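Q: Hi! Could you walk me through how the protein meets the DNA here?

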There are 2 protein chains.
Amino acid sequence: MGLERNAKGCNCGKCSHKFCASKVPIFSTLSQEELAEINSLKINKKYKKGEILFFEGDRMESLFIINQGKVKVFKYTKEGKEQILYILSEGDIFGELSLFQSEKLTFNVEALEDVNACVLTKNNFEMILSKRPEISMKVLQVMGERLIKMETLIQSLGTKDIEARIATFLLELIPEYTRSRGNIKEIELPLSREEIANYIGVTRETISRKLGKMQEEGILRVKGIKKIIILDEEALKAYL
Amino acid sequence: MGLERNAKGCNCGKCSHKFCASKVPIFSTLSQEELAEINSLKINKKYKKGEILFFEGDRMESLFIINQGKVKVFKYTKEGKEQILYILSEGDIFGELSLFQSEKLTFNVEALEDVNACVLTKNNFEMILSKRPEISMKVLQVMGERLIKMETLIQSLGTKDIEARIATFLLELIPEYTRSRGNIKEIELPLSREEIANYIGVTRETISRKLGKMQEEGILRVKGIKKIIILDEEALKAYL
DNA sequence: CGGTAAATTGAGGGAAGTCAACCTAAGTGG
DNA sequence: CCACTTAGGTTGACTTCCCTCAATTTACCG
């Protein structure tokens, strides 16, 4: 699967990470030569599922580009429960903030699956940025999108109706995590029940019960532990 | 009051809005001449308390700088309740996002008190930006701070403990909204009870009850409708 | 094919929401 | 300056819904 990917995106046979830079929207305006330069500067890191990439309070000295896999970004609440802020996957970046304000990280990052990431040092990134200042605009766009996602999450958490929160969560997943088979949509869940609960601000048990209820209502079908088939997307939207 | 302000910050007697640009961190690197240029480009707008500056879905074609007063930025939840995202006051900017991604506004903005704002058109701002590209870095910093605030809010909303949410809210207010009298701190609340409730994700009544409880415990004193005296800041922090 | 971690299901309690009545304070006009 | 009006705040009784705790059941991995 991983090999297929490479074969598909790159023909040179050896540079399995040529993608790092080319995958990322912030570098979309760069030429092939410039991308190649970035690739020669980057280093590659691998993490196992469950591994912590960063802890709150760590000082970031580099820009991370996720080449493969997914990570969750989260904080701990007072009760020691994790509050997930967002999920990042292939092509997403993080650490960009610290590059501009050299502050400590305000969240933890953990690999949800095996992760392959490219790392650009702060210095190298600043060098690239000085050559191509329009990149900072791109970074602004990415941050803007992230802000909008967080606004949606806040709106969701502020909503008392838990069905609505779950619906929001599922609908968000559809564009990126769905394999369409005919006209039914099968979501590949990136999170466990407990993690969904921690994202939505409820307990694991409540998620179980609500999904069960939605299944009874014919809106979706829970297929094993990490798949959900959306049978009636309109009914889901009606919850919002 | 408004005049005193002006007298204090500006001696020319006529340019009551010279501050707009000089108040804003994103323009902090500019020279006096450049600031003056911006001031000649900007236009001035006034809003009455309760007035809506923008609706969700509006297209922003300008950068707003708050010169005086406070606004709340909010969305509506499914139940029609407002979910406040943040409070902006003197020196804060908004609309910066739309300038970079020309998307529609994702929130509403309402004046909490009489507001005086400076407006820079998108074109003018882009012109300034092209002359001084380092401003985009500053914008990134501002957005970074906003992102961090939202992360905190999410963490707070995800926390079940409502006392903790109230404590977080009050402690956030202290730096900006406190008049210290001796060693007791008196917070001037920018929000009504209902708005606090809408910010924290609970009902008006719950806020009343919890503040009453905290008063009984000797942590604070509710003084009328818009003042709270913090008697025991440490006890407040202990809720976190 | 076990063994373990995760998910589900059920029963019970508690905390916040709802609804309604009452109170307080800010603003208005005489 | 005071009485009146009204919006916002507080308080109480009741209800609901989610959390908690515990017992099973189901999925996943060697």
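A: Happy to. Let me start with residue classes: Ala, Val, Leu, Ile, Met, Phe, Trp, Tyr, Cys and Pro count as nonpolar, Asp, Glu, Lys and Arg as charged, and the others, Gly among them, as polar. This is a predicted model, where local features need pLDDT of at least 70, side-chain atom pairs count only at pLDDT 80 or more, and totals for chains, interfaces and linings use all residues. Residues are numbered from 1 along each chain as its sequence is written, chains are lettered from A and ligands numbered from 1 in the order in which they are written, and side-chain values use heavy atoms, with hydrogens and water left out.

Q: Great. What classes of residue make up the surface near DNA strand C?

A: There are eight charged, four polar and three nonpolar residues. A residue is near a strand if one of its heavy atoms lies within 4 Å of it.

Q: And which residues come nearest to strand C?

A: Arg193(A), Ser208(A), Arg209(A), Thr206(B) and Arg209(B), out of 15 residues around DNA strand C.

Q: Which element gives the largest share there?

A: That is α9(B), with four residues. Helices are DSSP runs (H or I, at least four residues), numbered from the N terminus. At least two residues each come from α8 (193-200) and α9 of chain A and from α9 of chain B.

Q: What polar contacts does strand C have?

A: A polar contact is a pair of N or O atoms within 3.5 Å. Among them, a side-chain N or O atom of Thr206(B) is 2.2 Å from a phosphate oxygen of DNA strand C. A polar backbone atom of Arg193(A) lies 2.9 Å from a phosphate oxygen of this strand, while the side chain of Glu205(B) puts a polar atom 3.1 Å from a base nitrogen.

Q: Switching over, what comes nearest to strand D?

A: Thr206(A), Ile225(A), Arg193(B), Ser208(B) and Arg209(B), from the 16 residues around DNA strand D. Of the strand D atoms within 4 Å of the protein, 67% are in sugar and phosphate.

Q: Where on strand D does Arg209(A) make its polar contact?

A: At a base oxygen, 3.0 Å from an N or O atom of the Arg209(A) side chain. For phosphate oxygens of DNA strand D, the side chain of Arg193(B) has an N or O atom at 2.9 Å, and Lys210(A) has a polar side-chain atom at 3.3 Å.

Q: Which element leads on that side?

A: α9(A) gives the largest share of the surface near DNA strand D, four residues.

Conventions
A polar contact is a pair of N or O atoms within 3.5 Å; within protein, one must be able to donate a hydrogen and the other to accept it, and residues adjacent in sequence count only if both atoms are side-chain atoms.
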